Amino acid sequence: MPTLVEVASRASPAFAALKAVAHEAHADDPLWAPESEEAVDWAFGESAAGRTPLRAWVALVSGVPVARAAAIAPDGPVGWIGLFECLPGAREAAVAVLEACSEALATWGYAAAEAPHADPLTVGLQVGGFDAPQTVFTPRHPPAYLGHFEAAGFEVRQRMVAPVMTADRVPAFPAGLAGVRVRPLDVGRLERDAAAFHELQTDVFGGRPGRVARDPGGTRRLLERLLPHVDPDLVLVAERGGRVVGNLLCLPDTWQSHDRARIDRARIVSIAVRADQRRRGIGLAMAAYLARTLVAKGYTSCEGAWVREENRAPLALADRFGGRVGRRFALLGRSLGRA
Ligand SMILES: CC(C)(COP(=O)(O)OP(=O)(O)OC[C@H]1O[C@@H](n2cnc3c(N)ncnc32)[C@H](O)[C@@H]1OP(=O)(O)O)[C@@H](O)C(=O)NCCC(=O)NCCS
């Protein structure tokens, strides 16, 4: 029988055990990026700052840490369970930590749980493409994790795919689109570009059902977290008549190597065009600008942002660049209502 230990903060003695679970779970996995553990420090930091409360547990069997998960309390009707990791074969412990998190969310008053979800960047369970590398700010999970979640009452609610574009397959596109200026991030005027990014993201992604739009402080923290990884040449702004109409946020895969000169993978975190400006070639113009920059800088591949399987527009755009589906992810959910 596993013993559950609650990990109250990064100063708790059990915090090291919580971290150890991920390192042990991926010990034989050369494609796992230990850098992804930054999400643990981020989530505990957000909780300590009083922004997004968290309760985390580690399960021990004979004193050895074998599974972990955290219940996270965002604004809105759906609670999150994130930071899940589990050693091979430890399903009972996996279910025990997921149950503890579900109970915590129910006690907080949430009617449903979404998982895995630790923060706006750390979302989704990998369910396919296991031979592809883990890229910056994405998770990597062994195939067994889906069964652990299902054993704890979770179901797949949404499937997502990540297209991969490679330099050898990108066709040539005409440079430029009449009336639209595509430019890289202006680091000298970061505040202005960050404000425009927030406004556009809220416009495009804020109004989805069950989602609470990020406040400007949330966007600022997100950008501060991304900033050490940013190459301004890969962050694009599209303007029409001085108005920002599109954004494309791509990062060098800084989890591939600590030496920037050796990085040849990139990852698109997000691409968005204002709703009233779509199907006019702006997405294509930004993507073509990015492709030219990536090739010129020596990148050989770029993983697209994950998109819901039914989100045709970005997938069609990826097709135009020779994109092929690489990794697959799922968002799981369960009701927390008492039977
Ligand atoms: C994805 C997105 C950025 C595309 O921008 P866009 O400016 O409308 O794209 P373009 O006009 O350049 O279209 C390029 C090509 O993509 C395809 N495409 C674009 N929208 C499409 C749609 N709704 N259905 C099918 N294909 C579509 C087409 O092949 C199109 O070429 P065509 O118009 O000649 O047929 C835009 O739809 C968007 O902001 N969506 C919401 C945000 C989002 O889901 N982002 C992805 C996850 S981060």
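**The ligand shell, the two domains and some unusual backbone sites**

The largest share of the shell around the ligand comes from α8, which supplies six residues. The model discussed here is a predicted one, and the ligand makes a good place to start reading it. Around the ligand there are 21 residues, and those that come nearest are Arg278, Gly283, Leu284, Ala313 and Ala316. Two or more residues of this shell are given by each of β11 (265-273), α7 (282-296) and α8 (312-320). Sorted by residue class, the shell holds 12 nonpolar residues, four polar ones and five charged ones.

Next comes the overall architecture. The secondary structure of the protein amounts to eight helices and 14 strands. Along the principal axes, the C-alpha atoms fill a box of roughly 65 × 40 × 35 Å. A compact globule with 339 residues would have a radius of gyration near 20 Å, and the 20 Å of the protein agrees with this. Buried residues make up 42% of the 339 residues. As for the contacts between residues at least 6 apart in sequence, 73% of them join residues at least 24 apart.

The domain assignment splits the protein into domain 1, which covers 3-160 + 331-335, and domain 2, which covers 171-321. Between the C-alpha centres of domain 1 and domain 2 there is a distance of 28 Å. Where the two meet, 17 residues of domain 1 are in contact with 19 residues of domain 2. On the side of domain 1 that touches domain 2, strand β7 (residues 155-166) gives the most, namely three residues. That side of domain 1 consists of nine nonpolar, five polar and three charged residues.

Helix α1 (residues 15-25) offers a clear example of packing. Which residues of helix α1 are buried? They are Leu18, Lys19, Val21, Ala22 and Ala25. Viewed down the axis of α1, these buried residues fall within an arc of 140°, so they line one face of the helix. The cover over the buried residues of α1 includes the strands β1 (3-7), β2 (54-61), β3 (64-72) and β4 (78-86), together with helix α2 (38-48).

Strand β4 leads on to the backbone geometry, and a general expectation helps here. Most residues other than glycine have a negative phi, and most peptide bonds are trans. Leucine 83, which lies in strand β4, has a positive phi of about 60° although it is not a glycine. Is leucine 83 buried or exposed? With 30 other C-beta atoms within 10 Å, leucine 83 is buried, because the threshold for burial is 20 or more.

A positive phi of about 60° is also found at arginine 279, again not a glycine. Arginine 279 sits in the loop between β11 and α7, and both of these elements contribute to the shell around the ligand. Arginine 279 has 9 C-beta neighbours inside 10 Å and therefore counts as exposed, since the limit for that class is 12 or fewer.

One cis peptide bond completes the description of these backbone sites. The bond in question runs from alanine 115 to proline 116, with omega near -20°. Proline 116 has its place in the loop between β5 (112-115) and β6 (125-128).

Terms used. Residues numbered from 1 in each chain as written. Predicted model: local features only at pLDDT ≥ 70, side-chain atom pairs only at ≥ 80, totals over all residues. Near = placed C-beta within 6 Å. Helix = DSSP H or I, 4+ residues; strand = E, 2+ residues; numbered from the N terminus. Nonpolar A, V, L, I, M, F, W, Y, C, P; charged D, E, K, R; others polar. Arc of directions from axis to C-beta. Contact = placed C-beta atoms within 7 Å. Domains from an automatic or database assignment. Rg over C-alpha atoms; globule rule 2.2 N^0.38 Å.
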